[in-house]
Amino acid sequence: MRVLTVYRRLYACHGPQHWWPGDGPFEIMVGAVLTQNTAWSNVERAIANLKAAACLEPEAIATCDLRHLGALLRPAGYFNVKARRLQHFCRWYLEQGGYERLRRWPTARLRFALLGVHGIGPETADDILLYAFGRPVFVVDAYTRRLAARLGLVAGDLSYEALRAYFEQALRRETGYEDRPGTAGRRRLVRLYNEYHALIVAHSKSVCRPRPRCSVCCLARHCPAVS
DNA sequence: ACCCAGGGTCATA
DNA sequence: TATGACCATGGG
């Protein structure tokens, strides 16, 4: 089955997802860290706490007392870990000159630098690249791996990088969009990767219904036909 | 009382 | 390099 076909079916079933849920690049980056292995509803509470404490800014987080920051992040779980990770990230972010500087970096350099920040792994880095910086990077998560494996597109033990390369190459080939800076093809790829990842998450969290149903409906997490 | 969630790091073999 | 432990809250 073509990867683009899967996308069309997911879109037909679930519609546009309007990701990333959040206001502005920095809030998106914060959300990307906070949502690590955590339900988004919990992240929303933590972000609300940060806003209410006037602490949803890089300077505030970078200089904040870790105990205080942890208290604000408590609803998101792993709050001690995430307080340290957020602070590491914000200090790095400010050292590099913030968004206006980082947005000038080529994608490969930006990705490599993000992966060097303590607490930023492949998925968090790619969330940031795609949703905060608008780069054509396909985000892989546990849902993506399970979906691709169950459809028989790839082996189940493929590495993160291999899976990302698979989706990016397949989608570039099947759409014919070219990935060159400043081109319409680049922007289309960004929109496609954005919506695709969001749809995989939405689909995986959805419950399989008799009607209406999409052609990949039996791959939802809670579908009785799968487990 | 379970299980899981839009991961990542670290210690161990 | 490949597992396992650990982090922790909130909803089903």
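**Exercise 1. Find the protein residues that come nearest to DNA strand B.**

Step 1. Collect the residues around DNA strand B; there are 23. The model is a predicted one.

Step 2. Pick out those that come nearest. They are Trp 20, Asn 37, Gly 121, Glu 123 and Tyr 143.

Step 3. Turn to the DNA side. Of the strand B atoms within 4 Å of the protein, sugar or phosphate holds 67%. Bases hold the rest.

**Exercise 2. Identify phosphate contacts of DNA strand B and say whether backbone or side chain provides each.**

Step 1. Take Asn 37. A polar atom of its backbone is 3.0 Å from a phosphate oxygen of strand B.

Step 2. Take Glu 123. Here too a polar backbone atom faces a phosphate oxygen of strand B, at 3.3 Å.

Step 3. Take Thr 124. Its polar atom belongs to the side chain and lies 3.0 Å from a phosphate oxygen of strand B.

Step 4. Apply the cut-off. A polar contact needs N or O atoms within 3.5 Å. The distances are 3.0 Å for Asn 37, 3.3 Å for Glu 123 and 3.0 Å for Thr 124.

**Exercise 3. Describe the protein surface near DNA strand B by helix and by residue class.**

Step 1. List helices that supply at least two residues each. These are H9 (122-132) and H12 (184-205).

Step 2. Rank them. H9 gives the most, with three residues.

Step 3. Sort by class. The surface has 10 nonpolar, eight polar and five charged residues.

**Exercise 4. List the residues around DNA strand C and split its contacting atoms.**

Step 1. Read along the chain. Asn 42 and Arg 45 are there, then Arg 74, Pro 75, Gly 77, Tyr 78, Phe 79, Asn 80 and Val 81.

Step 2. Split the strand C atoms within 4 Å of the protein. Sugar and phosphate make up 54% of them.

Step 3. Sort the residues by class. Four are nonpolar, three polar and two charged.

**Exercise 5. Which part of DNA strand C, base or phosphate, is paired with Tyr 78, Phe 79 and Val 81?**

Step 1. Tyr 78 pairs with a base. An N or O atom of its side chain is 2.3 Å from a base nitrogen of strand C.

Step 2. Phe 79 pairs with phosphate. The distance from its polar backbone atom to a phosphate oxygen is 3.2 Å.

Step 3. Val 81 also pairs with phosphate, through a backbone N or O atom at 3.1 Å from the oxygen.

Step 4. Place the elements. Helices H3 (40-52) and H6 (79-95) give two or more residues to the surface near strand C. H6 has the largest share, three residues.

Technical notes: Residues numbered from 1 in each chain as written. Chains lettered and ligands numbered in written order. Predicted model: local features only at pLDDT ≥ 70, side-chain atom pairs only at ≥ 80, totals over all residues. Heavy atoms only, no water. Near = heavy atom within 4 Å. Polar contact = N/O pair within 3.5 Å; in protein donor to acceptor, adjacent residues only side chain to side chain. Helix = DSSP H or I, 4+ residues; strand = E, 2+ residues; numbered from the N terminus. Nonpolar A, V, L, I, M, F, W, Y, C, P; charged D, E, K, R; others polar.
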